[in-house]
Amino acid sequence: MMPPEDPTQERWPDEPPRPAWHEPAPPPVPPLLDDPSGPMVRPYVMTSGRLEPARGKFDLITLVVAAIPEPDGQLGLGPEHLAILRLTQQVMSVAELTGHLDLPIATVRVMLGDLLDQGLISMQEPEPEADMHDIRLYKAVIDGLRAL
Amino acid sequence: MVSGLSSRGADGRRLPTAVKIVIAGGFGVGKTTMVGTVSETRPLRTEEVLTDESVGVDDVSGVERKKTTTVAMDFGRITMRDEYVLYLFGTPGQERFWFMWDEVALGALGAVVLADTRRLADCFPSVDYFERRGTPFIVAVNCFEGEQAFDLAEIQTALNLGPNVPVMLCDARSLESCKKVLIDLILHAMKVRGLAPEPQQA
Ligand SMILES: Nc1nc2c(ncn2[C@@H]2O[C@H](COP(=O)(O)OP(=O)(O)OP(=O)(O)O)[C@@H](O)[C@H]2O)c(=O)[nH]1
Ligand SMILES: [Mg+2]
């Protein structure tokens with residue numbers, strides 16, 4: 001499997017187009033996985049070995065937004081939890097968070113559960129499969145695709 | 001809101017609704033290319049680390065000894081009006097990672113199965129999967145061999161597709177072509193779900 005290739009990179013501006021609900025881009029997240037023991041171990045340390053989030057389902061497209069402004073202090077949180085609070089100053093899906101943080105999905109889910117538990121983030125779960133009969137949704141998607 | 005949890009951010013604005021489309025197909029058929037062609041942002045990659053046991057990693061000490069595999073999915077985003085945001089996920093090429101497919105197919109608007117005429121059989125597992133799951137899908141034949149006129153009816157027969165599954169040609173590198181594939185998928189998904197297609201503009 002090839003990563004998205006370099007020659008295509010000019011296609012996307014450094015600042016992606018910001019939809020109305022976006023805040024200014026958050027500052028870049030410092031690299032997290034600089035530990036010499038490597039990325040295989042650290043994710044489980046960050047989550048103390050937990051596999052399931054304390055709260056919330058966190059589908060790949062669940063949208064997450066910080067419920068508080070970017071914290072100055074630590075709030076007793078680890079660097080990864082703080083990184084999530086920084087990134088979610090603008091609305092972001094769980095999948096995008098895992099991409100930006102370069103962490104496995106399961107790890108990010110557990111950390112999101114912690115933050116939700118403490119009231120530090122809000123989330124919007126996607127429509128359940130049974131609810132996909134709203135014609136406005138389809139029309140909006142078709143219009144959005146046509147406008148590309 | 002099904003979960004009953006707050007869906008407002010710090011400033012009290014309502015969050016948009018996220019929807020997704022799956023881009024599936026065999027190895028090297030152009031899934032990542034299609035995601036990149038339509039994404040408004042640089043495509044990202046989400047990873048799941050698997051161990052031999054796949055679950056039950058409850059202490060750190062044994063982690064290094066376990067064989068791990070990384071399953072990656074590429075995805076992109078398109079922001080829609082009316083506060084919708086569309087995500088496109090390219091499935092992991094290897095079929096053994098079905099659990100990732102389940103995760104990404106659940107709640108998807110529909111799926112595009114990419115096919116390569118030189119290796120048509122490679123898309124059988126994807127076709128089977130979405131048929132079994134009842135996910136609306138269309139087959140898009142990626143024209144690696146140039147603009148040859150493939151007989152779409154022949155492909156439809158070769159893939160043993162029902163007459164109601166649309167089959168079309170595409171070029172995953174072309175925005176116009178990808179747009180057409182995705183719009184046709186949405187129209188097909190509406191039909192499958194019993195929704196009237198949008199009225200034609202005269
Ligand atoms: N000629 C031609 N080449 C294409 C087309 N689409 C993709 N390619 C090329 O085919 C190669 C594989 O494309 P990818 O998008 O990486 O395929 P993939 O399905 O993501 O591959 P895996 O993730 O490895 O299964 C790349 O070199 C693309 O540039 C197409 O429509 N026509
Ligand atoms: Mg790929």
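Of the 202 residues in chain B, 56% count as buried. Keep in mind that this is a predicted model. The accessible surface of that chain adds up to about 9000 Å², and carbon and sulfur atoms supply 52% of it.

What does the fold of chain B look like in outline? There are five helices and seven strands, and walking along the sequence you meet them as β-α-β-β-β-α-β-α-β-α-β-α. Contacts reach a long way along the chain, too: taking those with a separation of 6 or more, 69% link residues 24 or more positions apart.

**Salt bridges**

Over all chains, the count of salt bridges comes to 12. Here are three of them, each within chain B.

| Pair | N to O distance |
|---|---|
| B:Arg77 and B:Glu40 | 2.9 Å |
| B:Arg173 and B:Asp171 | 2.9 Å |
| B:Glu176 and B:Lys179 | 3.4 Å |

Let's start with the salt bridge between B:Arg77 and B:Glu40. B:Arg77 sits in strand S3 (residues 68–80) of chain B, while B:Glu40 belongs to the loop between helix H1 (31–38) and strand S2 (44–51), so the pair ties together parts that are 37 residues apart in sequence. Both B:Arg77 and B:Glu40 are buried.

The pair B:Arg173 and B:Asp171 also meets at 2.9 Å, N to O, but the two ends have unlike surroundings. B:Arg173 counts as exposed, with 64% relative accessibility, whereas B:Asp171 is buried at 18%.

Then there is the salt bridge between B:Glu176 and B:Lys179. These two residues are three apart in helix H5 (residues 175–192) of chain B, which means about one helical turn separates them. Which of the two is buried, and which is exposed? B:Glu176 is the exposed partner, at 53% relative accessibility, and B:Lys179 is the buried one, at 7%. Elsewhere in chain B, salt bridges with shared partners join B:Asp116, B:Arg118, B:Arg119 and B:Asp122 into one network.

**Cysteines without disulfides**

How many disulfides turn up over all chains? The count is zero. Take B:Cys143: why is this residue not in a bond? The closest cysteine sulfur, in B:Cys170, lies 6.5 Å from its own sulfur, and a disulfide would need the two within 2.5 Å, so they are too far apart for a bond. B:Cys170 is in no disulfide either; the nearest cysteine sulfur to it is that of B:Cys178, 6.2 Å away. Neither of the first two is out on the surface: B:Cys143 counts as buried at 7% relative accessibility, and B:Cys170 counts as buried at 4%.

**A helix in chain A**

Finally, a look at chain A, where helix H5 covers residues 135–146. Does its length come out shorter than expected, or in agreement? At 1.5 Å a residue, its 12 residues should span 16 Å, and the end C-alpha atoms are 17 Å apart, which agrees. Several of its residues are buried, namely A:Leu137, A:Tyr138, A:Ala140, A:Val141, A:Ile142, A:Gly144 and A:Leu145.

Technical notes:
Residues numbered from 1 in each chain as written. Chains lettered and ligands numbered in written order. Predicted model: local features only at pLDDT ≥ 70, side-chain atom pairs only at ≥ 80, totals over all residues. Heavy atoms only, no water. Helix = DSSP H or I, 4+ residues; strand = E, 2+ residues; numbered from the N terminus. Buried < 20%, exposed > 50% of the residue type's maximum accessible area, 1.4 Å probe, protein only. Contact = heavy atoms within 4.5 Å. Areas by Shrake-Rupley, 256 points an atom, 1.4 Å probe, with all protein chains shown as cover. Expected span 1.5 Å × (residues − 1). Salt bridge = Lys/Arg side-chain N within 4 Å of Asp/Glu carboxyl O.
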